[in-house]
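Grab a pencil and have a look at the model below. Try each exercise before you peek at the solution.

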Amino acid sequence: MSYRPSVDNVTKASSNEKEGLYEFIVTMVDGTACRVFFHRDPEWRLTHISRLQRTPCPVCRKDFICKCMDRFSGEIRQQIDHGQWIEKALAQ
Ligand SMILES: [Zn+2]
């Protein structure tokens, strides 16, 4: 498991403010893109991550659905926090 995600950009895809649900598209420096769901209440938490099938999975190389990115959700979450990406995405 030598893959290490590196968040390059985050954009908001959709949100339901009333429910506190947010969907972001997270792009990595290697071009891998993921759909990442957050719940805002009571605090921001990552609830689901799935890779967009634009490019093969950087871990298993499949070009269809796989669960690999689940293993990196903690690391990706940390990078999103450190980069203050949610604030930036919501300000767009
Ligand atoms: Zn995979």
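Here are three short exercises on this predicted model, each with a worked solution.

**Exercise 1.** Work out the strand order of the sheet and find which strands are at its edges.

*Solution.* Start with the order: four strands form an open sheet, arranged β1-β2-β3-β4, and the pairing is antiparallel. Next, look for strands that pair on one side only: these are β1 (7–16) and β4, the edge strands. Finally, check the twist, which averages 25° from one strand to the next.

**Exercise 2.** Describe how β3 is joined to β4.

*Solution.* Take the strands first: β3 covers residues 33–39 and β4 covers residues 45–51. They run antiparallel, with six bridges joining them. Now follow the chain from β3 to β4: a hairpin makes the link, using five residues. For a pair to look at, pick His39, which sits opposite Arg45 in β4.

**Exercise 3.** Locate Ile65, then decide: is Ile65 buried or exposed?

*Solution.* Begin with the place: Ile65 lies in the loop between β4 and α1 (73–82). Then count C-beta neighbours inside 10 Å: Ile65 has 9. The cut-off for exposed is 12 or fewer, so with 9 neighbours Ile65 counts as exposed. As a last step, go along the chain to Trp85: Ile65 and Trp85 are 20 residues apart in sequence, and their C-alpha atoms are 25 Å apart in space.

Methods
Residues are numbered from 1 along each chain as its sequence is written. This is a predicted model: local features need pLDDT of at least 70, side-chain atom pairs count only at pLDDT 80 or more; totals for chains, interfaces and linings use all residues. Two strands pair if DSSP finds at least two bridges between them. Helices (H or I, at least four residues) and strands (E, at least two) are DSSP runs, numbered from the N terminus. A residue is buried if 20 or more other C-beta atoms lie within 10 Å of its own, exposed if 12 or fewer, and partly exposed in between; C-beta atoms are placed from the backbone. Axes are lines fitted to C-alpha atoms, for helices over the stretch in contact, and angles run from 0 to 180 degrees between N-to-C directions.
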